[in-house]
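User: I should like to go through the terms used for this model and see how each value supports its label. Please begin with the definition that the first label needs.

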Amino acid sequence: MKKIPTRLRDLIKKSESGSFLSSFQVARIYESGIGGVDKNHDTAAKYYQMTVDQVKNDRLSISSIKLVNYKGFNDFTIDFARDLTVIIGNNGGGKSSILDAVRKALSHLTSRIATRSANGEDIELHEIKKGSHFSTIVVSFNFSGEVFSAELSQSDTLAGTTKKSDYEGINLLGSILKLCSNNNPKFHLPILASYTVDRSIDVTTKDIDKSEEILDDYIWDRASSYKKSLTGKADFRLFFRWFKELTEERNSSSTEKNKINEEIKAKEKFLNSSELKNLMKHSTGNTEIEDYVRKLMNDIEDLKRSINESSMNEDVVLDNVKSAIYSFLPGFSNMKIQRKPLDLIIEKDGISLSVLQLSQGEKSLLALVADIARRLTILNPSHEDPLKGPGIVTLDELDLHLHPSWQQLVLSRLKETFPNVSFIVTTHSPQICHTVESDKIWLLRDWKKFRAPKGAKGAVSSWVLKELFDVPVRPPHDEITIAYKKYRELVYADKFSDTETLNLRKKLDENFGHNHPDFVELDLYIENRKWEQELEKDS
């Protein structure tokens, strides 16, 4: 008997202890016969199935990304929380560059899941930091407790430098995800999507009328969920096309179901007819009659089952996507297709509106949520709740076009609606930041990262502006701010009765109003000091 190599023996031991990664590696060794091991397809199939069975959960996230000589970064590593990471900083500080690097890494994973190729977006020469000869992005994915790393590199060959990429980890992860998807009907394929500020492009009549996505033939298979998922746009055209076809399919199915119901009624009517009962009564022991009746009853059950199954699938798909949209847009309901002229109609507080009539913020949010929901549904069509599927989504400037009250709600609603998606977002909004725990916020300054101070979640907006964004609570060069600062200095110098001080207070009262909260502390100080001064006189 041929001796098992030490490495293979160690992998088998780990596999038998429950390691899906070891099981997968054992399966590949037996499938390819590498390392002096004889090929054995039966054994390979056994360990491939063990891999699928041993995957504890289908949660996928990025644990960290390292950027070396990439754009403005020198040697930079940032860790991501499993469910949510918020990145803030000044314009030009590197927020979007981090999301770009994540998007490049995701492009290599989507190609390995959705196609047979191993393509992905490369680092461009112009993205190599000035003065450097190469650039590298090292990404670490976390899947079901195991880490899979990949290295994307680009070299300036004119400088004589050659640094190669290493896709071993991402190749392995892609293969495991495809294996689990093909062999486990309950396995969720992950959404991998990136949304930039371009997602805010206005929805127009072209998006719901004569765009290529509406007119061209289209196949809605699981791989199509990754189509244009990393372009940065919430693709409203594809959503509209998909929603339109699904609605038409439901309507067509409804017509077909009516026909089936009529067929069921006819068969049941005959089954309960006096003619058949008389025939059975006078044909006791006739196996042909008994077989016919039995077949008739089975046909009725099969027809009823087909109606129930088709209804459940169509209703789940459409209703899940609609509920996702309604949860983000309070007061919205009854989204439907209008035939002539072709339009998408939705009710807002009981009033029917075209999506074209919504505000830019409403349209932007509708397109974003609809796009995420559509992709998750296509990825996991057999699941009763595909919106619980996992994945990684990046969002640049999440606060774009959103009213401050919406900004306070958007992250909680994202997590409630898509609970297993890992979100990496950037923002300039204090209203978003004070809904997030401090340990999930990174501050970027001069291409370096800093942890947010404790107390961000639930803090007042002025604290967030000062402590997280390094922005004064008042505009420092404004004449009113200067007057207020001068007035405080004079009051605490006990010059509150001077003409200059009184004139400043009059100017401030005209701007703020006499009873503005900012003057409560100052007025109390003035009152106490006057009382103390009177006592000093009396003594």
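Analyst: A residue is called buried under 20% relative accessible area, exposed over 50%, and partly exposed in between. The model discussed here is a predicted one.

User: Why does Ser 327 count as partly exposed?

Analyst: Ser 327 has a relative accessibility of 31%. Partly exposed covers the range between 20% and 50%, so Ser 327 at 31% receives that label.

User: What makes Arg 413 and Thr 417 contacts of Ser 327?

Analyst: Contact requires heavy atoms within 4.5 Å. Once neighbours within four places in sequence are set aside, Ser 327 is in contact with Arg 413 and Thr 417. Ser 327 itself belongs to helix H9, residues 287-328. As for Leu 414, its C-alpha is 9.4 Å from that of Ser 327, although 87 residues separate the two in sequence.

User: How do you know that the side chain of Ser 327 is placed for a polar contact with Ala 324?

Analyst: A polar atom of the Ser 327 side chain lies 2.8 Å from the backbone oxygen of Ala 324. The cut-off for a polar contact is 3.5 Å, and the distance of 2.8 Å satisfies that cut-off.

User: Why is the pair Asp 494 and Arg 529 called a salt bridge?

Analyst: The closest N and O atoms of Asp 494 and Arg 529 are 3.0 Å apart. The limit is 4 Å between a side-chain nitrogen of Lys or Arg and a carboxyl oxygen of Asp or Glu, so the pair meets the definition. Asp 494 sits in the loop between helices H14 and H15, while Arg 529 is in helix H16, so the bridge ties together parts 35 residues apart in sequence.

User: Are Asp 494 and Arg 529 buried or partly exposed?

Analyst: Asp 494 has a relative accessible area of 31% and is therefore partly exposed. Arg 529, at 17%, falls under the 20% limit and counts as buried.

User: What makes Asp 509 and Arg 505 a pair about one helical turn apart?

Analyst: Both residues are in helix H15 and are four residues apart, which means a separation of about one helical turn. Their closest N and O atoms are 2.9 Å apart, and they form a salt bridge. Arg 505 is buried because its relative accessibility is 9%, against the limit of 20%.

User: How do you know that Lys 104 and Glu 127 form a salt bridge, and which parts of the chain do they link?

Analyst: The N to O distance is 3.2 Å, and the cut-off is 4 Å. Lys 104 is in helix H4 and Glu 127 in the loop between H4 and strand E4, and this pair of distant parts is 23 residues apart. Both residues are buried. Salt bridges with shared partners join them with Lys 71, Asp 100, Arg 103 and Glu 121 into one network. The structure holds 20 salt bridges.

User: What makes two cavities qualify for the count, and which residues line the second largest?

Analyst: The count takes cavities of 30 Å³ or more and comes to two. The largest has a volume of about 50 Å³ and the second largest about 40 Å³, so both pass the threshold of 30 Å³. Phe 328, Leu 365, Trp 406, Leu 409, Val 410 and Arg 413 line the second largest cavity. Helix H11 gives the most to this lining, with four residues.

How values were computed. Residues numbered from 1 in each chain as written. Predicted model: local features only at pLDDT ≥ 70, side-chain atom pairs only at ≥ 80, totals over all residues. Heavy atoms only, no water. 1 Å grid on protein atoms, 1.4 Å probe; cavity = no way out; pocket = protein on both sides within 12 Å on 5 of 7 lines; lining within 4 Å. Helix = DSSP H or I, 4+ residues; strand = E, 2+ residues; numbered from the N terminus. Buried < 20%, exposed > 50% of the residue type's maximum accessible area, 1.4 Å probe, protein only. Polar contact = N/O pair within 3.5 Å; in protein donor to acceptor, adjacent residues only side chain to side chain.
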